[in-house]
Amino acid sequence: MQSAAAHRTITREIYATSDPPPLPTELQVEVTGACNLACRMCLVRYRPKLGKRSGAMCFHTFRSLVDALPQLEKLTLQGLGEPLLAPDLLAMVEYATARGIRVGFNTNGTLLTPPASERLVRAGLDWLHVSLDGATPATYEGIRDGGDFALVSEHVCALVETMRRLEADLPFVMLVFVAMRRNLHELPAVVRLASEWGVGHLWVQNLSHSFSDTDPAGSYRAIREFAEAEALWQEPAALGEATFARAREEAERLGVELRLPVLAEVAARPRPPGQPGCHWPFESAYVTHDAKVQPCCMVMGADRAVLGSIEDEDFASIWRGEPYERFRAGLVGDGLPPEVCAGCSLFRRVF
């Protein structure tokens with residue numbers, strides 16, 4: 001296992017050179033663009049629905065991609081869709097874990113039936129994050145349109161019980177709460193739910209993008225307006241901090257590990273020469289279900305920042321190609337970043 005200090009040294013060397021960085025050891029693959037829900041903060045809600053098979057990456061494409069990157073260490077099998085809808089998901093997990101690759105994904109939990117949980121545990125899944133954006137059915141189902149709060153509760157508890165029965169340490173299970181104005185007040189209760197369900201970790205994040213780089217009247221209008229209305233970075237800090245404080249107290253009392261985001265955008269700090277504003281395009285990549293290569297998962301939209309397609313050329317050629325190099329160059333130095341990065345919560349350090 002590479003130490004953190006060694007990783008930082010290697011990373012500095014990558015950023016300091018004008019040559020393309022080494023092929024990534026981490027990759028995020030959108031195994032499906034289809035979803036059984038229509039969550040209000042997700043682009044899926046605002047786009048035409050995809051079919052279960054037509055919206056999925058086929059196993060052949062997945063295997064070819066993984067085989068082209070023998071140095072892969074970590075693989076995240078998620079994107080805009082619900083991974084458990086992907087017909088070949090289990091085969092993908094088994095293929096990757098057989099290679100010694102750490103594999104995991106985020107799920108809305110509605111399809112995480114006890115048989116599915118057991119198959120994933122036995123396949124060697126390394127981590128599993130379950131979305132839970134409310135502590136009551138009304139709030140949760142108002143955000144996760146088509147969701148079923150009671151069913152998610154049942155499935156998460158069954159997963160925890162399955163792991164106990166199989167004496168399995170993995171997958172590492174975490175609840176993920178997307179914080180918005182409409183659900184922030186329930187965060188302390190979500191901490192309590194995590195404890196009741198036997199999940200010791202809760203990750204709280206902001207909305208992933210403001211879409212401020214898009215045309216206010218264009219195709220991203222609806223989700224842009226939703227972000228403007230719901231993002232906590234628009235909210236007075238005092239309200240958020242008071243709720244965060246109560247959530248911290250509950251987490252400490254119950255022994256739940258709690259990660260909270262920054263509420264207000266942090267002022268830009270001077271970076272060392274050659275240090276980029278974001279690490280993603282230098283160390284990882286995002287591949288959509290239809291084989292498009294993008295710099296990261298935060299782009300939100302298959303028509304934005306497409307750097308190539310693995311149906312047209314191999315991944316290594318895309319990684320070392322001119323579009324990727326131009327995108328990376330925009331992140332180095334003190335100039336303006338690529339337009340799509342301007343509204344990114346990760347780039348702005350409020351994720």
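Let's start in helix H11, which spans residues 315-319: Phe315 and Trp319 sit 4 residues apart there, so about one helical turn separates them. Keep in mind as you look at these rings that the model is predicted. Both Phe315 and Trp319 are buried.

Now go to helix H2, residues 59-67, where Phe59 and Phe62 are 3 residues apart and therefore also separated by about one helical turn. Their rings form an aromatic pair, with 6.2 Å from centre to centre and 35° between the planes, and the pair is tilted. Phe62 has 0% relative accessibility, which means it counts as buried, since the cut-off is under 20%.

Back to the H11 residues for their ring geometry. The centres of the Phe315 and Trp319 rings are 5.9 Å apart and the planes meet at 25°, so this pair is stacked; planes have to be under 30 degrees apart for that label.

How many aromatic pairs does the count come to? The count comes to 7 aromatic pairs. The Phe59 and Phe62 rings also belong to a group: together with Tyr95 they form one aromatic cluster.

Rings have charged partners here too. Look at Trp127, where the charged end of Lys74 sits over the ring, 5.2 Å from its centre. Then try Trp233: what sits over its ring? That would be the charged end of Arg348, 4.5 Å from the ring centre.

Key
Residues are numbered from 1 along each chain as its sequence is written. This is a predicted model: local features need pLDDT of at least 70, side-chain atom pairs count only at pLDDT 80 or more; totals for chains, interfaces and linings use all residues. Side-chain values use heavy atoms; hydrogens and water are left out. Rings of Phe, Tyr and Trp (its six-membered ring) pair if their centres lie within 6.5 Å; planes under 30 degrees apart count as stacked, over 60 as edge-to-face and the rest as tilted. Helices (H or I, at least four residues) and strands (E, at least two) are DSSP runs, numbered from the N terminus. Buried means under 20% relative accessible area, exposed over 50%, partly exposed in between (1.4 Å probe, protein chains only). A charge sits over a ring if NZ of Lys or CZ of Arg is within 6 Å of the ring centre and within 35 degrees of the ring normal.
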